[in-house]
Amino acid sequence: MIKKRAIKEIVDLHSSSRENKPLGTVLRLSRWAYPVTALGPGRRLAMWVSGCSIGCPGCITPELQPETSGKPISTERLLARLDRLPDDLTGLTLTGGEPFQQASVLAEWLGQVKQRKPHWNILCFSGYTFTAIQQLGSGARDLLELIDLLVAGPYRVSQLPGEKSAAILPSIGLPHPLLASANQTLHCLTQEGRAMEIACRRMPVNQANLGLSGDGQGMLIGIVTPSARTEIHTRLGGPVEES
Ligand code: SF4
């Protein structure tokens, strides 16, 4: 049974007007939410960056694919926002959109996040394969240096192994709660990343957090199979926006 979880805040940046004047380095960001428990271990801040040119058929966030989606936000303002977050958050999950298409800005910002929140661990979802990321250039390599656990590879709807199960992680032969399709790979880039991956195996598969976006629309947050998604929508009485 999917439990409803309270999300304290989802900031939908499409509807934010205060952040329209960027200062210094800017990041294109669509939304963030906390506390999120469906996108990695613990209680996390989840951030959805804007823009992705990979174009996976069946992408659940097609509205985030245009570079012009979301809003430009200065990294200074984003840092200032961290100070207002609850103390009990344990990490940051970067997703989108495609984080590695804003790699240099994210790397610079994340370096400062790590100074302010040294106890946070960092998880990132990318639609690029690990090999492709390594060939993207210095910004991508800088960003990789700051990530503990990486989920890499495009979403391939045709590679879902079945209606009822999530993608299998070959090394353990079990569905893994962070894999949306079987081609995707997990990369523990640090010792902390290894601990995170082991902790993830205890997470429920098909876990979803529910929240409200800035315009009052329901939002489903998590890695869920198409059949589980349909079941959630049915229980809620209609489709909700997905992240
Ligand atoms: S990489 Fe992610 S955001 Fe980009 S098209 Fe694929 S599923 Fe969508």
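Me: Which exposed residues are carried by the face of α5 that is turned away from its buried side?

Reply: That face carries Q191 and I198, where exposed means that 12 or fewer other C-beta atoms lie within 10 Å of a residue's own, buried means 20 or more, and partly exposed is in between, with C-beta atoms placed from the backbone. This is a predicted model, in which local features need pLDDT of at least 70 and side-chain atom pairs count only at pLDDT 80 or more, whereas totals for chains, interfaces and linings use all residues. Residues are numbered from 1 along each chain as its sequence is written.

Me: What puts the buried residues on the same side of α5?

Reply: The buried residues of α5, which spans residues 191-200, are M196, E197 and C200. They cover an arc of only 100° around the axis, taken from the directions of their C-beta atoms, and therefore lie on the same side of α5. Against these buried residues pack β6 (121-126), β7 (149-152) and β10 (185-188), a contact being two C-beta atoms, placed from the backbone, within 7 Å.

Me: How many helices and strands are there in the chain?

Reply: The chain has 6 helices and 13 strands; these are DSSP runs numbered from the N terminus, helices being H or I over at least four residues and strands E over at least two. Of the 243 residues, 42% are buried, and among contacts between residues at least 6 apart in sequence, 70% join residues at least 24 apart.

Me: What makes strand β2 mostly covered?

Reply: In β2 (residues 26-36), 10 of the 11 residues are buried, and the strand is mostly covered on that count. Two strands pair if DSSP finds at least two bridges between them: β2 is joined to β4 (residues 71-74) by 4 bridges and to β3 (residues 44-49) by 5, and it runs antiparallel to each. L27 stands opposite I73 in β4, whereas V36 stands opposite R44 in β3.

Me: Why does I223 count as buried?

Reply: I223 has 26 C-beta neighbours inside 10 Å, and therefore counts as buried, although its place is in the loop between β12 (218-221) and α6 (226-236). I223 and P177 are 46 residues apart in sequence, yet 6.7 Å apart in space, C-alpha to C-alpha.

Me: What is the value of phi near in N206?

Reply: Phi of N206 is near 65°, a positive value in a residue other than glycine, while most residues other than glycine have a negative phi. N206 lies in the loop between α5 and β11 (209-212), and because it has 21 C-beta neighbours inside 10 Å it counts as buried.

Me: Is the peptide bond from Y34 to P35 cis or trans?

Reply: The bond is cis, with omega near -15°, and P35 lies in strand β2. The peptide bond from G96 to G97 is cis too, with omega near 15°, and G97 is in the loop between β5 (91-95) and α2 (103-116).

Me: Which residues surrounding the ligand are the closest?

Reply: Of the 13 residues that surround the ligand, the closest are C52, C56, C59, G127 and Y155, a residue being near if its C-beta atom, placed from the backbone, lies within 6 Å. The shell divides into 6 nonpolar, 6 polar and 1 charged, where Ala, Val, Leu, Ile, Met, Phe, Trp, Tyr, Cys and Pro are nonpolar, Asp, Glu, Lys and Arg charged, and the others, Gly among them, polar.
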